[in-house]
Each structure stands twice: as C-alpha cells, then as structure tokens.
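Colleague: I have just opened this one and could use a guided tour. Could we go through it piece by piece?

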Amino acid sequence: MRTALVNQSSLRVDTVAGLWPMPSEHSLIEAIHRDGRCVSIEWDDGIVLETWVRWKGSWELYRSNQMWRLPMSFARVVIEVPGWTAVCFGSVSVDSYRMPDRHRHPQSGGVGPDLRRDDVDLGAVATRLFYPTRAGMTIFDALGDPHVLTGSGNVDRSEVLWSLELSPFTSVGELEYDDMWMIVQSMARSVRSGHQSLSVYGRVGQPCVRCGSSITGARQGEDRRMAYWCTTCQSGNGQRLVPPSSNEASPPADVLYLNEARAARERVRIFDDLRDFG
Ligand SMILES: [Zn+2]
C-alpha cells in the first residue's frame, strides 16, 4: 500500500460523513505508518487520517479497474491515486487531525522525542511537558503536542490517563515533574504495547472495566481529537499522581533547569492568583 500511495496526489478521499479536517484536493500523500492495528496516512498539507482497524476490518489495495472484494457500502475510507485505490473495510474507527504549526515551523527541529525509538530520552519528554508555557494546557492536549513528544497515537493518551486514573482535563500546571515522569513512562509502554485490549478508547457508553461507570468521549483541544475517559475514576481535577513527599522517581534531568522551571511556574501561578483577586 505504501509503495502505491506514497508521493502520489490523491484524486479522491472518501470517508465517514462529517469527518474534519480533510486533506485538500490533489494534496500529496507523504507517509503511511502502521502501528499494530492503527494505520495513519499523512498528506503534505499537514492532515493526518488515522484508522483504527477493529474486528474484521482491513485495508485493501486495488488496481483502478479491479472489482472490490466487498460492496462499496462496506467501505469506511476510500483513497484513490493514479492507478490505485486503497479501501478500508469493516469495523474501523476513523479520526483526522491537522499537525499543528507544520508550515509555520518547517524543519524547526522543535519536534519532541519519538516514543517509538528504543533510545528515546524519556527525561527530555518529561522536561518538555514540564515547561512553564504548557502550564495552562490540559494534560490531554499537552500529550498530543508534537513539540512535547511524537510517535504516539491518540489511543495512547486516553488509555494512559485512564490507567493512571488521571482526568484528561487536569491542567499541566497542577502536576509536578514526578507526575510527568510517570505519565511519560506509561506513554512509552503504551506505544510499545500493540494495544491488544482497550479500556476506554472507542468505548463510549460501555462500562468502565475498573468501576462499571459509563465511558465518555468528546473532541478536545485545538486539533479536535477524541478523548475518552471514565467519569468516575478519572473525575478529579488538580490531582497529583505522586504524593509531594515521595522521592521515588529520580528523573535524569538537569536539576538547575528544573528549579528555574519550578520558579517560573510559581511566578505564573502567583500572577494568576493576583489577577483573580483583581
Ligand atoms: Zn471507571
């Protein structure tokens, strides 16, 4: 599929109704990644289409004049390039998003470490997450920020936050470095897991396997990606994962930098408090 589609201009992209954003007409397919059952297709205008193939779902490649194995009504995504048509059949979750700042910061080198790499520096990821300018973001949005980390899918964010019983709306500024470190380690494990079983992702309305409450889903943040969470075991805001007294985690990070970052975050917090009091 990669050989047939990559570097080709897409003549047609059809998918589930209402999906947004979509690649612009004739944009070039730049890359196709497969991670377990997740296939993501990237266009040169920064749009990424992610399909999560479930039960009996599959991507199939056909010559333009070839008959499909199943009728058109079974297709969830159809991508046509000169000479070839790629069709995704069956039970499939489809999501799309725009890679932020792609054109404003071309090759800026500001992209975060790739969690798929064996030699990834997790301390560097935790440090990026801890950076003062991200203090106002939700943890869900921050984990999807390519300047923090790359190589993870939308599924990892929701599954990791559920596993840590952390609300996706927890503000990054409420978490300390030790929390970041725990989250980043869990993200790295999730990326390598292959996602054989899912606890919240794509399970809206189904019972939480931990507490039995209903799983909820909603689009979040600037890129409008789906977040999934349990309203009962992930209800808290401003919660800490690691108690303040704990010294268990020993992050491989520059202590001086961390102290400066902590002080900067504190200044932001004090400023916010003053503003609240008028
Ligand atoms: Zn629950």
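Modeller: Let us start with a pair of charged residues, keeping in mind that this is a predicted model. The side chains of Arg225 and Glu50 form a salt bridge, with 3.1 Å from N to O. The two residues come from distant parts of the chain, since Arg225 belongs to strand E10 and Glu50 to strand E4, 175 residues apart.

Colleague: Is Arg225 buried or exposed? And what about Glu50, buried or exposed?

Modeller: Arg225 is buried, with a relative accessible area of 3%, and Glu50 also counts as buried, at 6% relative accessibility. The cut-off behind that word is a relative accessible area under 20%.

Colleague: Which residues are joined with those two into one network?

Modeller: I will come to that after another pair, Asp119 and Arg117, which form a salt bridge with their closest N and O atoms 2.9 Å apart. Asp119 is exposed, with a relative accessible area of 56%, while Arg117 counts as partly exposed at 47%. As for the network, salt bridges that share partners join Glu50, Asp95, Arg219 and Arg225.

Colleague: How many salt bridges does the count come to?

Modeller: The count comes to nine salt bridges. One more to look at is the salt bridge between the side chains of Glu60 and Arg69, at 2.6 Å from N to O. Its two ends are placed in contrasting surroundings, as Glu60 is buried with a relative accessible area of 14%, whereas Arg69 counts as exposed at 53% relative accessibility.

Colleague: Switching topic, which residues coordinate the zinc ion?

Modeller: The zinc ion is coordinated by the SG atoms of Cys208, Cys211, Cys230 and Cys233, at 2.2 to 2.3 Å. Along the chain these donors follow the spacing C-x2-C-x18-C-x2-C. Cys208 and Cys230 link distant parts of the chain, with Cys208 in the loop between helix H5 (177-193) and strand E9 (215-220) and Cys230 in strand E10 (residues 225-230), 22 residues apart.

Colleague: What geometry does the site have, and are Cys208 and Cys230 buried or exposed?

Modeller: The site is tetrahedral, with angles of 98 to 123° among the four donor atoms. Cys208 and Cys230 are both buried.

Colleague: Now the strands. In what order do they come in the open sheet of four?

Modeller: The order is E2-E3-E4-E8, and the pairing is antiparallel. Strand E2 (29-35) and strand E8 (92-98) stand at the edges with a single partner strand each, so one side of each has no neighbour in the sheet. On average, neighbouring strands of this sheet are turned by 15° against each other, direction ignored.

Colleague: How many bridges join E2 to E3, and how many join E3 to E4?

Modeller: Six bridges join E2 to E3, and His33 has Ser40 in E3 as its bridge partner. Five bridges join strand E3 (residues 38-43) to strand E4 (residues 47-53), where Ile41 stands opposite Leu49 in E4. E2 and E3 form a hairpin with two residues between them, and Gly36 in that turn has a positive phi of about 65°. E3 and E4 form a hairpin too, with three residues between them and Gly46 in the turn at a positive phi of about 90°.

Colleague: Why is E3 said to be largely enclosed?

Modeller: E3 is largely enclosed by the rest of the structure because six of its six residues are buried. Cys38, Ser40 and Glu42 point one way from E3, while Val39, Ile41 and Trp43 point the other way. In general, side chains in a regular strand alternate between the two faces of the sheet.

Colleague: And the helices? How many residues of H2 are buried?

Modeller: Helix H2 (residues 122-130) is mostly covered, with seven of its nine residues buried, among them Leu122, Val125 and Phe130. The N-terminal end of H2 is capped by Asp121, which has a side-chain oxygen 3.1 Å from the backbone nitrogen of Gly123.

Colleague: Last one: which residues other than glycine have a positive phi?

Modeller: Asn7 is one of them, with phi near 70°; Asn7 sits in the loop between helix H1 (2-5) and strand E1 (12-14) and is exposed, with a relative accessible area of 54%. Glu165 is another, with phi near 55°, in the loop between helix H4 (154-163) and H5, and Glu165 is partly exposed at 37%.

Definitions and conventions:
Residues numbered from 1 in each chain as written. Predicted model: local features only at pLDDT ≥ 70, side-chain atom pairs only at ≥ 80, totals over all residues. Heavy atoms only, no water. Donors = N, O, S within 2.8 Å, 3.2 Å for Na, K, Ca; no water. Tetrahedral: all angles 85-135°; square planar, octahedral: opposite > 155°, others 65-115°. Buried < 20%, exposed > 50% of the residue type's maximum accessible area, 1.4 Å probe, protein only. Pairing = 2+ DSSP bridges. Axes fitted to C-alpha atoms, helices over the stretch in contact; angles between N-to-C directions. Salt bridge = Lys/Arg side-chain N within 4 Å of Asp/Glu carboxyl O. Polar contact = N/O pair within 3.5 Å; in protein donor to acceptor, adjacent residues only side chain to side chain.
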